[in-house]
Amino acid sequence: MEEKASLQILLVEDSAVLADRLNELLNHIPGVDLVGTVDNERAAVAFAHSQPIDVIILDLHLREGTGFGVLRALALQPRKPVAIVLTNYALPQYQRAARELGVRYFLDKAREFDRLPDVLREIADDSFSPGHPQAGLI
């Protein structure tokens, strides 16, 4: 039986403590490969342009720049990663703006942090299942 490819994930988080916690969490999810962790908009955009990523886990408020700036830059790429916003600012207007920029998953850090493994499994299942519109892209 052929082994599934792993999801290539970029984490954009400016809190070192939370980035470490997310790194630990992601390392325990089969089929997930954290390929980079950055803490600002410019580094996130540069990383995403330098190598293919399947999923970007993105905070909206960064020390330098914003998650919205990252989303706008990624919207111009021919192959867009699946975006998961993980933020403390789950305001309705932010959710709406993120969805308009193509975000499929918007999670509140305080209330939905534990959903992240299930969301990643769902993305992996969707991405690798035959007949899915994005099958083979990831």
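**Exercise 1.** Which side chain does a polar contact of 2.9 Å join to that of Glu 13? Place Glu 13 in the chain and describe its surroundings.

*Solution.*
Step 1. The side chains of Glu 13 and Lys 109 form a polar contact of 2.9 Å. A polar contact is a pair of N or O atoms within 3.5 Å; within protein, one must be able to donate a hydrogen and the other to accept it, and residues adjacent in sequence count only if both atoms are side-chain atoms.

Step 2. This is a predicted model, in which local features need pLDDT of at least 70 and side-chain atom pairs count only at pLDDT 80 or more, while totals for chains, interfaces and linings use all residues. Residues are numbered from 1 along each chain as its sequence is written, and side-chain values use heavy atoms, with hydrogens and water left out.

Step 3. Glu 13 sits in the loop between β1 (7-12) and α1 (16-27). Helices (H or I, at least four residues) and strands (E, at least two) are DSSP runs, numbered from the N terminus.

Step 4. A polar atom of the Glu 13 side chain also lies 3.0 Å from the backbone nitrogen of Ser 15.

Step 5. Leaving aside residues up to four places away in sequence, Glu 13 touches Leu 18, Ala 19, Val 38, Asp 39, Asp 59 and Lys 109. Contact means heavy atoms within 4.5 Å.

**Exercise 2.** Is Glu 13 buried or exposed?

*Solution.*
Step 1. Buried means under 20% relative accessible area, exposed over 50%, and partly exposed in between (1.4 Å probe, protein chains only).

Step 2. Glu 13 counts as buried because its relative accessibility is 4%.

Step 3. For contrast in class, take Gly 65, in the loop between β3 (55-58) and α3. Gly 65 has a relative accessible area of 36%, so this residue is partly exposed.

**Exercise 3.** Which residues of helix α2 (residues 41-50) are buried, and how are they arranged around the axis?

*Solution.*
Step 1. The buried residues of α2 are Ala 44, Val 45, Phe 47 and Ala 48.

Step 2. They lie on the same side of α2 because they cover an arc of only 165 degrees around the axis, taken from the directions from the helix axis to the C-beta atoms.

Step 3. Exposed residues Arg 42, His 49 and Ser 50 are on the face of α2 turned away from its buried side.

Step 4. The cover over the buried residues includes β1, β2 (32-38) and α3 (67-74).

Step 5. At the N-terminal end, Asn 40 caps α2, with a side-chain oxygen 3.1 Å from the backbone nitrogen of Arg 42.
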